[in-house]
Structure formats: C-alpha cells, structure tokens
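The following exercises concern the packing of helices, the order of strands and the pairing of aromatic rings. Please attempt each task before reading its solution.

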Amino acid sequence: MMSTSKPLLQGPLVQAKYSDNNVFTLAWNTAENVKAEAIYHSNHPEFDELSSTLLEVRIEPIGATFTRTLSPGRSYYHVKFKDGSVSTIQDRMIYTDGIINFRDMGGYHTEDGRTTRWGMLLRSADLHELGDQDLQTAEALGIDWICDLRSEFEVASRPSPVIGKAMNSNIPFMAEANPEEMQKIAFDLNVGYKAMILNTEKCSLILQELLKEGRSTSLFHCAAGKDRTGVVCAVILLTLGVPREVVIEDYELTNLAVDGLMQRFLSDTNKVYMDQMPELEGNIPDMMKAAFIQAALEAIDENYGSFEKYLHEGLGITEQERNSLQNRYLV
C-alpha cells in the first residue's frame with residue numbers, strides 16, 4: 001500500500017449528519033464515474049493510508065452510514081474516491097471518558113460564505129470527572145480559556161481540575177442558579193431560556209472576553225452543557241453570522257449525549273444535588289427540545305426586533321467589534 005499523506009486531489013464536498021447511538025451519515029454528490037471506494041478513520045487531519053484504519057462500511061453511490069469510532073480526542077474520516085481524490089471530514093464530537101457532551105463549533109457556514117474555525121470554540125458538560133487520559137486529551141486541544149457558567153454552589157459541588165495552562169473563569173450565567181430557584185425554572189424552561197438570553201450583561205461580558213488577546217481556544221461549559229451553554233453558544237454563533245436554523249441544529253446535538261447525562265445526574269455522586277431538584281429525575285431527555293432555544297430566539301425578536309439590534313443595543317457590541325470577532329473566529 002502506498003502512503004498518501006498528501007492527496008493529489010481534493011475530493012468532493014461531503015456533508016456529515018449525526019443521529020442517535022453514535023450513527024454517522026456521510027453524503028456526497030459526484031459524477032457517475034467518480035465513486036467512493038473506501039472510508040478510513042484516523043486521529044489526524046492529513047490522510048495517510050498506512051496509519052489510518054479502513055472501516056467496514058457499505059458505501060452507496062451518494063453516501064454511507066456507519067457507527068462512529070470512539071477513540072480519545074479528535075477523529076477524522078477520510079473518504080477515498082476512485083479518481084484518487086480524498087475528502088476529509090472532522091468529527092465535531094470530541095470523545096473522552098470524563099467529559100460528556102464535548103464538541104467543537106467549527107465547520108459551520110455563515111450567511112456571508114465563511115466558516116467557523118475548527119478548534120477555537122468548544123462546548124461541553126462539566127469537567128469534574130476528567131481522568132488522567134482525559135486530561136491529556138484536553139491539554140492537547142490547546143485550551144487557553146475555560147468559561148464556567150455554573151453557580152458557586154455547582155462549582156463547589158463539582159470543582160474543575162486544572163487543564164494545562166488554561167485560565168478558568170467562573171461567570172455564573174444565572175445568578176439565581178441555586179437549587180431552590182432552579183426548581184422554579186425547571187417547571188417552564190421556555191421562560192428560563194428567555195430570561196437567559198435577555199441576561200444582556202453576562203452575554204456582553206462573554207463576547208468581550210472573546211475579543212481579548214490570547215483567546216485562541218475557548219471552552220464553554222455548565223453542568224450538562226445544554227441550557228446555559230446552549231444559550232451562550234447560540235449568541236456566539238449568531239454573532240459570527242451562522243444562520244438560525246444551523247444554531248438550532250447545533251443545540252440539538254446535545255440529544256446525542258442524553259444517556260451519559262442521565263447516568264451522571266442520577267448517579268450517587270450527584271444525589272445531594274438531585275435531591276434538591278426532584279423534577280429533573282427521569283425527565284432529562286425531555287429537556288433537549290429545539291423549542292427551548294427557539295423560545296430564546298423569539299425573546300430577541302420580541303424585545304429588540306432583530307438579532308442585530310439585540311447585539312448592538314442590548315449587548316453594546318459595535319459593528320467593529322463584531323467584525324473583529326468574525327475575523328478571528330471565521331475563515
């Protein structure tokens with residue numbers, strides 16, 4: 001077999017779609033005489049046939065569906081076509097044993113034709129259960145800023161470990177995020193999401209942090225990486241120009257982590273926390289509905305008329321600052 005660390009030809013555009021049980025679908029559109037002949041998995045963006053794993057996948061003329069490979073860190077899938085071209089797809093889900101709902105917000109197309117940079121904007125559930133191997137994986141990502149959106153109560157209950165040289169900032173996104181108040185919000189998450197996105201002081205602070213020098217790779221997380229993290233990441237992606245429908249799709253990817261989140265929140269280690277929020281027990285899957293993030297976006301329209309007015313009038317982000325964010329985080 002010949003090593004192909006630098007393919008002679010860039011393959012056609014390949015779209016990736018995630019579904020339950022780690023099922024991954026790749027789809028492409030090629031001429032009849034340019035068919036895919038193999039799909040490989042590796043932990044490197046450059047395709048090298050000798051160091052990649054050939055997957056046993058049934059390849060259809062326009063795509064293939066298979067189970068994602070769960071190996072520590074980042075994964076890449078290389079689709080090799082019969083004309084010698086290769087298309088490489090980066091898996092946005094980052095696998096570790098200790099971090100649940102860990103993913104990259106790179107690769108999203110914006111309305112002006114650019115793309116969010118890979119490896120710069122990450123999101124996850126809390127980091128409390130990182131093991132030694134997980135720490136190595138996380139350190140390899142080059143994270144320099146961790147934005148912990150949890151309350152002081154949550155931080156004290158499940159403290160985060162040190163990850164390399166990353167600066168860890170605790171920005172409690174919901175000042176009322178103590179168990180008693182969280183109970184009230186849980187009864188109507190639509191109201192909770194609207195309140196979060198209208199927390200303009202914290203949303204503005206986070207965007208200003210992203211403008212600071214030295215912000216190369218940032219990780220946003222809360223307890224489950226879905227509600228507070230979901231709202232904050234939606235604001236970031238919309239600021240960068242990612243269409244609303246894509247932002248909603250990104251939010252819904254938390255559904256892939258439902259099993260892991262349930263195991264974590266219903267475990268003995270979280271018993272004290274869960275005892276104070278009994279309404280969550282057994283109902284976590286019902287909380288990952290697109291309607292919740294849509295309610296937040298509707299709150300923007302109702303209160304400001306458009307996202308642009310929300311950004312400029314509500315968050316105080318100037319057009320120049322928005323351009324700076326886009327130039328840094330888009331390619």
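**Exercise 1.** Determine how α5 and α6 are oriented to each other in this predicted model.

*Solution.* Step 1: Two packed helices are described by the angle between their axes and the distance between the axes. Step 2: For helix α5 (residues 200–211) and helix α6 (residues 228–240), the angle is about 55° and the axes are 10 Å apart. Step 3: Angles of 65 to 115 degrees count as roughly perpendicular and those under 35 degrees as roughly parallel, and the value found falls in neither class. Therefore α5 and α6 are oblique to each other. Step 4: The crossing in which α5 passes α6 is right-handed.

**Exercise 2.** Identify the residues through which α5 and α6 meet, and sort them by class.

*Solution.* Step 1: On the side of α5, the residues are Cys203, Ile206, Leu207 and Leu210. Step 2: On the side of α6, they are Val232, Val235, Ile236 and Thr239. Step 3: By class, this contact of α5 with α6 has seven nonpolar residues, one polar residue and no charged residues.

**Exercise 3.** Carry out the same analysis for α6 and α7.

*Solution.* Step 1: α6 and helix α7 (residues 244–252) pack at an angle of about 150°, and their axes are 10 Å apart. Step 2: Angles over 145 degrees count as roughly antiparallel, and α6 and α7 are therefore roughly antiparallel to each other. Step 3: α6 passes α7 in a right-handed crossing. Step 4: α6 contributes Gly230, Ala234, Leu237 and Leu238 to the contact, while α7 contributes Arg244, Val247, Asp250 and Tyr251. Step 5: The residues of the contact of α6 with α7 comprise five nonpolar, one polar and two charged.

**Exercise 4.** Describe the open sheet of five strands and the position of α6 across two of its strands.

*Solution.* Step 1: The strand order is β10-β11-β14-β12-β13, and the pairing is mixed. Step 2: β10 (103–104) and β13 (167–170) are the edge strands, each pairing on one side only. Step 3: Strand β12 (residues 145–148) runs parallel to β13 and is joined to β13 by four bridges. Cys147 stands opposite Ser169 in β13. Step 4: α6 lies across β11 (121–124) and β14 (218–221), and runs at about 160° to β11.

**Exercise 5.** Describe the open sheet of four strands and the hairpin of β2 and β3.

*Solution.* Step 1: The sheet has the order β2-β3-β7-β6 with antiparallel pairing. Step 2: Its edge strands, β2 and β6 (59–60), each pair on one side only. Step 3: Strand β2 (residues 14–19) and strand β3 (residues 23–28) run antiparallel and are joined by six bridges. Ala16 stands opposite Leu26 in β3. Step 4: The hairpin has three residues between the strands, and Asn21 takes a positive phi near 60°.

**Exercise 6.** How many aromatic pairs does a search of the whole structure find, and what geometry do Phe24 and Tyr77 have?

*Solution.* Step 1: The search finds eleven aromatic pairs. Step 2: Phe24 and Tyr77 form a pair at 5.2 Å centre to centre, with 45° between the planes, and this pair is tilted. Step 3: Phe24 lies in strand β3 and Tyr77 in strand β8 (residues 76–81); being 53 residues apart, they link distant parts of the chain.

Notes
Residues are numbered from 1 along each chain as its sequence is written. This is a predicted model: local features need pLDDT of at least 70, side-chain atom pairs count only at pLDDT 80 or more; totals for chains, interfaces and linings use all residues. Side-chain values use heavy atoms; hydrogens and water are left out. Axes are lines fitted to C-alpha atoms, for helices over the stretch in contact, and angles run from 0 to 180 degrees between N-to-C directions. A crossing is left-handed if the near helix is turned anticlockwise from the far one by less than a right angle, and right-handed if clockwise. Contact means heavy atoms within 4.5 Å. Ala, Val, Leu, Ile, Met, Phe, Trp, Tyr, Cys and Pro count as nonpolar, Asp, Glu, Lys and Arg as charged, and the others, Gly among them, as polar. Two strands pair if DSSP finds at least two bridges between them. Rings of Phe, Tyr and Trp (its six-membered ring) pair if their centres lie within 6.5 Å; planes under 30 degrees apart count as stacked, over 60 as edge-to-face and the rest as tilted.
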